[in-house]
Amino acid sequence: MSAKSFRNVVEESASVVTDENASLYDQLGGDPKMKLFIDYFLDGIMADQELACYHQKFKDPHQMEILKFKLLNFFKWKLDGAPFYIGTPMYEAHKNLGITDEVFDAASAVFTSQLRRIKPKMKVFREFVQRVG
Ligand code: HEM
């Protein structure tokens, strides 16, 4: 088994908090599950020719690492796992990139299909999609 797939097995089995009072972030499985999802999400984005072309600079592994770090913090905040996000608001970050509705829809489809792969509870899945969308 490769190091990457071994890590995925470990992270897929990361403990998901079942307490309904826990934050949605912890109910998803916290940092380990979120990191796994972000890996899947960005693999999906970079595998799509149209989406990848907007992400040229993220072919540099260091830039990709920074983006993943920002996404982790952004999603953590969205799911009540952090009190704030200190990065650029979504609208600001994307407003000058010329993203059409079709391209945004394609990215959203990658988001939901990759999110299903980490098998979140239905409530967590719905809230996550709604809060990010
Ligand atoms: C599910 C939809 C999306 C989410 C959740 C998302 C999220 C984010 C976040 C959190 C950042 C970092 C913002 C910061 O600097 O603090 C970012 C940056 C970026 N996003 Fe997205 N994004 C989405 C869709 C897209 C789409 C559709 C494109 C283009 C096809 C795109 C291209 C980019 C690029 C190029 C950056 C880097 C901007 C920069 O460094 O100045 N994103 N995105």
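Which helix gives the most to the shell around the ligand? Before I answer, a word on what we are looking at: this is a predicted model, in which local features need pLDDT of at least 70 and side-chain atom pairs count only at pLDDT 80 or more, while totals for chains, interfaces and linings use all residues. Residues are numbered from 1 along each chain as its sequence is written.

Let me begin with the overall layout. The chain holds eight helices and zero strands, where helices (H or I, at least four residues) and strands (E, at least two) are DSSP runs numbered from the N terminus, and along the sequence the pattern reads α-α-α-α-α-α-α-α. Of the 133 residues, 17% are buried, and by buried I mean that 20 or more other C-beta atoms lie within 10 Å of the residue's own, with exposed standing for 12 or fewer and partly exposed for anything in between, the C-beta atoms being placed from the backbone. Taking two residues to be in contact if their C-beta atoms, placed from the backbone, lie within 7 Å, residues 24 or more positions apart account for 62% of the contacts with a separation of 6 or more.

Now to the ligand. It is surrounded by 18 residues, of which Y54, F74, G87, A93 and A107 are the closest; a residue counts as near a molecule if its C-beta atom, placed from the backbone, lies within 6 Å of it. Two or more residues of this shell come from each of α5 (61–78), α6 (90–94) and α7 (101–117), and the answer to my opening question is α7, which gives the most, with five residues. By character, the shell divides into 12 nonpolar residues, five polar and one charged, with Ala, Val, Leu, Ile, Met, Phe, Trp, Tyr, Cys and Pro counted as nonpolar, Asp, Glu, Lys and Arg as charged, and the others, Gly among them, as polar.

Let me stay with α5 for a moment. This helix has 18 residues and reaches 25 Å from its first C-alpha to its last, close to the 26 Å expected, the expected span being 1.5 Å times one less than the number of residues. Its buried residues are F74, F75 and K76, and what covers them includes α2 (24–28) and α3 (30–47). After α5 comes D80, in the loop between α5 and α6, whose phi is positive, near 65°, in a residue other than glycine; D80 is partly exposed, with 15 other C-beta atoms within 10 Å.

Next, the largest nonpolar core, meaning a set of buried Ala, Val, Leu, Ile, Met, Phe, Trp, Tyr and Cys residues joined through C-beta atoms within 7 Å. Of its 16 residues, L24, L28, F37, F41 and L79 touch the most other members. The elements that give two or more residues to this core are α2, α3, α5 and α8 (122–132), and α3 supplies the largest share, six residues. If we leave aside its neighbours within four places in sequence, L28 is in contact with V16, K33, M34, L79, P120 and V124.

Finally, two loop residues. K119, in the loop between α7 and α8, has a positive phi of about 50° although it is not a glycine, and K119 is exposed, with 11 other C-beta atoms within 10 Å. L97, in the loop between α6 and α7, is exposed as well, with 9 other C-beta atoms within 10 Å, and its C-alpha is separated by 7.8 Å from that of Y54, 43 residues apart along the chain.
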